[in-house]
Structure formats: structure tokens, C-alpha cells
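Here's a quick walk through one model, with a metal site and some strand pairing to look at. Have the sequence and the 3D view open as you read.

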Amino acid sequence: MGRRILVVEDDDGIALPLLRTLDREGYEVERVAEGGAALERAGADVDLIVLDLGLPDMDGLDVCRRLREQDFTGGIVILTARDGELDRVVGLDVGADDYIAKPFALAELLARLRALLRRAGSAPASAPREPADARSPLTVDTAARRALAGGRELPLSTKEFDLLAQLDAHRGAVVTREHLMDEVWDENWFGSTKTLDVTMARLRQKLDEAGAQVRITTLRGVGFRLDEGTADA
Ligand code: CA
């Protein structure tokens, strides 16, 4: 069965060639033209969402935030109008996994989608969200692509999981920013590592919410380290 991609884009000039290309590549594709429709359609059977920011009914950034609030754990790639806007958008924490500025080459977009989907397993069941009473050891199961704290699965996005898996594989040791960018974002990154900081912030928050008994220390200009324990770093 093909992976299912939901394209959220009101502009036919962008949506139609994209849909044709994705279909030709063997993906199951669907398209909606409005943010509200995207929020209704997004579910566990959708592997990835390509999300335009300029939608007629809602700001795409709000759509992205709300997708994560409703526990959509598939990939989200945001399409932005210009590079200037891209910088601003990446700095906001809305829960996207990747960003691409228009006009984009279809080949580049495809490469990014492929990279995201390759890492995404089947969508994890969403975990109950009530706060944990006690701090619990963290278990990262890369085969099943699940991270558990206190027997509960963390609702991580693809990139958040990949980041955690990299840190966990080197628990107690420093992992450099370059290594994380290469491993988690492939070679398709262009110097800016803002997306790493944004994803890291989200990961920390989720670990904290889940009561996971670990902490991530930032080594300024070098990288990050995952340690046991919960003392504030
Ligand atoms: Ca638009």
C-alpha cells in the first residue's frame, strides 16, 4: 500500500503539478484547499502533510499547530512564499518537520518527502496525555519507532523521534549539531540549523510532559547530550 500524502494548497498552479508528480511516484494523494478541511481530514492513515501557509480560511501556521494539538504524528512539510518568510517561520515552534520555500523544484520537494517518509514508521497510537506522577525511565525502541516513559508512548513526530533516537544511541556522550543535521535532516540542509533548535525544544517539552527521567544538555556551539536524571541543565 502506498504512503498517503495530504496536500493542503489552494493554488491550483502549485497543487495540480504536485499532485500529478506524487501520484506518478506511487503515493496515495489527496488534496484539500482549506485549513479547516485539512484539520478534519488529518488522521492516523495520513503519513505526511504538505502544508501551504497562505490558505483562504486560516493561517497555515495555526493549521500546523492545531494538527499537532490534535496529535497528528505524521510528517508535516510547510511551503512558504519566500526565503525571508522561511527564516521567520522556522523560528516559530509550530511542529513542522521541514520547510521549503516557493518556488521550489519538484525534485527537491520529492527528496525531502522521501527522507521524511523513510524515517516514519506506521503512525504510532496516540498516548494518553495526563501528566505522569513520577519520573519514569525512558526507553527508545528504534525497531518499533516508539519511545516509552512509564509504560506510556510519547507522542513524537518523525523528526522528534529521530532526534531522540540519535541522542539515545549516544547516551551520556555529546552528539554534534552537524551529526544530528546529517542523520536526521539528510544532506538537504543549507547551513541553517534553526530547525534543529526548534525540534529540540519541542522534544524537551514532550519529555518533560511525559515525566521521562532524562535531561538534554546543550553544549553551546557544539551539540547536545542526553543524560539520566532530571536536574535542570
Ligand atoms: Ca496559497
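## Strands and a calcium site

Val 175 has Phe 224 in S11 as its bridge partner. Keep in mind that this is a predicted model. That contact belongs to the antiparallel pairing of strand S9 (residues 174-176) with strand S11 (residues 223-228), which runs over three bridges.

S11 also pairs with strand S10 (residues 214-219), again in the antiparallel sense, and here there are six bridges. One spot to look at is Val 214, which sits opposite Glu 228 in S11. How many residues lie between S10 and S11 in their hairpin? There are three, and Gly 221 in the turn has a positive phi of about 75°.

The two pairings of S11 side by side:

| Strand pair | Sense | Bridges |
|---|---|---|
| S9 and S11 | antiparallel | three bridges |
| S10 and S11 | antiparallel | six bridges |

Now for the metal. Which residues coordinate the calcium ion? Asp 10 and Asp 52 each do so through OD, and Gly 54 through O, at 2.2 to 2.4 Å. Along the sequence, the donor residues follow the spacing D-x41-D-x1-G. The two Asp residues tie together distant parts of the chain, 42 residues apart: Asp 10 is in the loop between strand S1 (4-8) and helix H1 (12-24), while Asp 52 is in strand S3 (residues 48-52).

Are these two buried or exposed? Asp 52 counts as buried because its relative accessibility is 4%, under the 20% cut-off. Asp 10, at a relative accessible area of 33%, is partly exposed.

Definitions and conventions. Residues are numbered from 1 along each chain as its sequence is written. This is a predicted model: local features need pLDDT of at least 70, side-chain atom pairs count only at pLDDT 80 or more; totals for chains, interfaces and linings use all residues. Side-chain values use heavy atoms; hydrogens and water are left out. Donors are N, O and S atoms within 2.8 Å of the metal (3.2 Å for Na, K and Ca); water is not among the atoms, so sites may look incomplete. Helices (H or I, at least four residues) and strands (E, at least two) are DSSP runs, numbered from the N terminus. Buried means under 20% relative accessible area, exposed over 50%, partly exposed in between (1.4 Å probe, protein chains only). Two strands pair if DSSP finds at least two bridges between them.
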